[in-house]
Amino acid sequence: MDEKKRRQSMILYIIAAIVIYIVLSTVLFPNISPQRQVVEVSYSQVLDDLAAKDVDKIEYDNSNLDIQYTKDGESNTVYTSTAMSGAQESLQEAIRTSGAEQTNVVQQDNSLWTYMLIMYGLPILVFLLFGWWLNRRMKKAMGDDNPSMNFGGGFGGMGGGLGKSGARIVASKDVGVTFKDVAGQEEAKEALKEVVDFLENPKRYEAIGAKLPHGALLVGPPGTGKTLIAKAVAGEAGVPFFSISGSEFVEMFVGRGAAKVRDLFKQANEKAPCIVFIDEIDTIGKRRDGAGFSGNDEREQTLNQLLTEMDGFDNHKGIVVLAATNRPDTLDPALLRPGRFDRRIPMELPDLAGRKAILKLHAHDVKTEPGIDLDAIARATPGASGADLANIINEGALRAVRMHRTRATQEDFEESVEVVIAGQQRKTTVLSEHEKQVVSYHEIGHAIVAARQKGSAPVTKITIVPRTSGALGYTMQVEEDEKFLTTKQEVLDKLTVYCGGRAAEELIFNEMTTGAANDIEQATKLARNMVTRFGMTEEFGMVALGTVQNAYLNQDTSLTCAPGTAERVDAVVVELMQEAHNRAIQILKENKFKLHELARYLQKKETITGEEFMALLMRENPLMPKTPTV
Ligand code: ADP
Ligand code: MG
Ligand code: ZN
């Protein structure tokens with residue numbers, strides 16, 4: 001502990017001591033006070049009190065005739081007086097008849113001692129105890145394993161509870177998760193089966209002289225089941241599971257993180273074979289750089305300790321360290337070196353089959369109407385993670401309860417897809433009729449542009465019910481089949497669909513609204529990717545002009561080209577957007593009658609399905625000119 005910390009805790013200690021002293025002396029013992037009141041009374045008053053038998057204790061000094069006495073029930077007041085000379089006899093007589101105790105008034109009273117003890121002794125005792133406790137705490141924080149100072153320090157036995165390191169320790173029966181609870185992710189399971197096998201019979205590997213990896217790193221976007229699968233490995237192998245999150249290492253006391261790592265591995269060593277799981281390892285495993293902030297010290301120390309422990313442990317015992325992260329690009333290369341996290345197990349977002357499997361797994365425990373089409377839900381949710389899908393099923397079940405039904409229906413799940421994508425319906429947002437009209441034209445604009453282009457996914461739903469996410473309406477499109485590749489034409493068509501909303505507003509109302517902000521953002525991002533990453537423009541061809549910053553989070557790209565090139569990139573992006581906008585205007589002009597018809601219909605009904613939309617779009621209206629077909 002450095003000097004600063006020590007001084008800080010000293011100051012804390014003194015402040016606490018003063019506070020305790022004040023509280024004790026004012027709140028707890030206000031009645032005890034050594035300040036005895038001294039009242040001078042006349043000699044005749046003394047005789048009166050004696051006659052009234054009010055006197056409790058009385059002291060009489062023959063040499064100087066001083067009288068001191070206390071009355072019954074008034075032990076804090078001492079009455080003093082002087083006896084008249086020559087009256088000793090009568091005074092003695094009066095005392096005897098009154099029955100007062102003739103004794104030393106002040107000294108024999110022990111309340112002063114009680115007072116002293118409580119006022120000074122008790123606080124000192126409390127301070128000593130407090131100081132001892134504080135000292136013990138800091139020793140523990142320092143990872144000082146002096147057993148005499150560490151009474152009952154570890155609850156860290158099997159079966160849950162918190163150890164000194166704060167690592168959650170769960171015995172195998174408590175994990176309650178096996179590979180059966182992880183849907184999809186077959187490659188990850190395959191890779192981890194070897195680990196399970198190793199944990200089950202380490203001898204076989206030892207016999208042949210094979211060294212198993214010390215650690216495996218699970219990488220993938222949030223919610224893909226990394227934490228889940230790590231637990232499942234422990235569950236499959238039936239070994240204890242030590243889990244700790246990276247953020248738990250970063251503590252307020254300097255040096256505590258490193259102590260925790262040491263402690264964690266010490267416990268793991270005792271319980272081997274076992275699994276140590278470090279979740280969100282990027283919080284401590286960030287690349288160390290020379291020009292760090294001073295605040296990085298603690299993290300670096302923790303990381304160094306982790307590296308040391310991983311090199312140090314004896315792998316014959318069967319300790320496997322698993323770690324999870326969604327920022328693999330930021331990890332320190334030292335962590336990925338052979339002998340440490342040398343295996344990298346990708347956990348990607350689920351594909352169509354994976355999504356269906358996850359939905360099925362989670363829907364298993366939910367009472368549903370017969371004939372639920374989870375396939376349709378899976379198709380409507382490209383890009384959803386396992387956690388999203390679990391959430392969709394649960395939201396659907398909750399909706400069924402809200403509607404006072406005992407079984408969830410297809411509609412419940414479809415609505416919950418929208419809740420997860422766009423937020424809850426916000427019925428309190430009341431749009432004016434004109435606003436509703438604008439939103440209707442905007443959404444139908446998107447839908448018509450999508451329907452009139454070959455490369456666009458079919459429209460499945462259009463709604464103008466506001467959502468808590470802030471969307472005033474949206475058009476849902478679902479691909480018929482899962483796509484792994486997108487052609488240039490399809491990207492261009494998508495750009496045009498994004499422009500369709502604003503284009504409709506301009507065409508009909510000859511005005512612009514803020515409603516297109518999100519469309520513009522998405523479209524611009526897509527256009528920029530066309531230029532910088534997909535190599536889809538003639539001007540630049542196949543040149544990477546940007547790098548993806550964190551692939552698993554928001555996919556932000558940063559430009560890696562000269563400023564002059566960046567300017568030209570911007571120009572190309574603007575051009576792409578303008579072309580898409582013009583195409584959208586063109587399509588809507590050709591379909592202006594349908595645009596009016598459908599927008600009015602949507603405004604009235606607020607939500608229409610893809611089928612309704614297509615039926616209306618395809619219907620020949622004898623009053624209107626024929627719509628051109630694509
Ligand atoms: P991560 O650690 O990758 O962020 P989690 O393991 O915490 O994700 O997953 C969160 C939840 O999502 C899990 O508890 C589980 O209910 C669900 N989930 C995610 N992936 C799957 C999957 N492949 N199979 C079943 N459930 C999953
Ligand atoms: Mg996790
Ligand atoms: Zn829009």
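Strand β12, residues 459–463, is joined to β16 by 3 bridges, and the two strands run antiparallel. This is a predicted model. The briefing starts with the sheet around β12, then turns to a zinc site, to the residue H214 and to ligand 1.

**The sheet and its helix**

- β12 and β16 belong to an open sheet of 3 strands, in the order β13-β12-β16.
- The pairing in this sheet is antiparallel.
- Two strands form the edges: β13 (474–477) and β16 (607–609). Each of these pairs on one side only.
- From one strand to the next, the twist averages 10°.
- For one bridge, the partners can be named: T463 is matched with T607 in β16.
- A helix also meets this sheet. Helix α23, residues 610–618, lies across β12 and β16.
- The angle between α23 and β16 is about 80°.

**The zinc site**

- Which residues coordinate the zinc ion (ligand 3)? They are H442, H446 and D519.
- Both histidines, H442 and H446, use their NE2 atoms, while D519 uses OD.
- The coordination distances are 2.0 to 2.1 Å.
- Along the sequence, the donor residues of the zinc ion (ligand 3) follow the spacing H-x3-H-x72-D.
- H442 and H446 share a helix, α18, which covers residues 433–451.
- Within α18, H442 and H446 are 4 residues apart, about one turn of the helix.
- H442 and H446 are both buried.

**Residue H214**

- Where does H214 lie? It is in the loop between α7 (202–208) and β7 (215–219).
- Is H214 buried or exposed? H214 counts as buried because its relative accessibility is 13%, and the cut-off for buried is under 20%.
- H214 and F341 are 127 residues apart along the chain, yet their C-alpha atoms are separated by 6.7 Å.
- The side chain of H214 has a polar atom 2.7 Å from the backbone oxygen of M310.

**Around ligand 1**

- How many residues surround ligand 1? There are 16, and the closest are A183, G223, K226, T227 and H362.
- T227 has a side-chain N or O atom 2.6 Å from an oxygen atom of ligand 1.
- H362 has a side-chain N or O atom 2.9 Å from a nitrogen atom of ligand 1.
- G225 takes part through its backbone: a polar atom there is 3.2 Å from an oxygen atom of ligand 1.

Terms used. Residues numbered from 1 in each chain as written. Chains lettered and ligands numbered in written order. Predicted model: local features only at pLDDT ≥ 70, side-chain atom pairs only at ≥ 80, totals over all residues. Heavy atoms only, no water. Donors = N, O, S within 2.8 Å, 3.2 Å for Na, K, Ca; no water. Buried < 20%, exposed > 50% of the residue type's maximum accessible area, 1.4 Å probe, protein only. Pairing = 2+ DSSP bridges. Axes fitted to C-alpha atoms, helices over the stretch in contact; angles between N-to-C directions. Contact = heavy atoms within 4.5 Å. Polar contact = N/O pair within 3.5 Å; in protein donor to acceptor, adjacent residues only side chain to side chain. Near = heavy atom within 4 Å.
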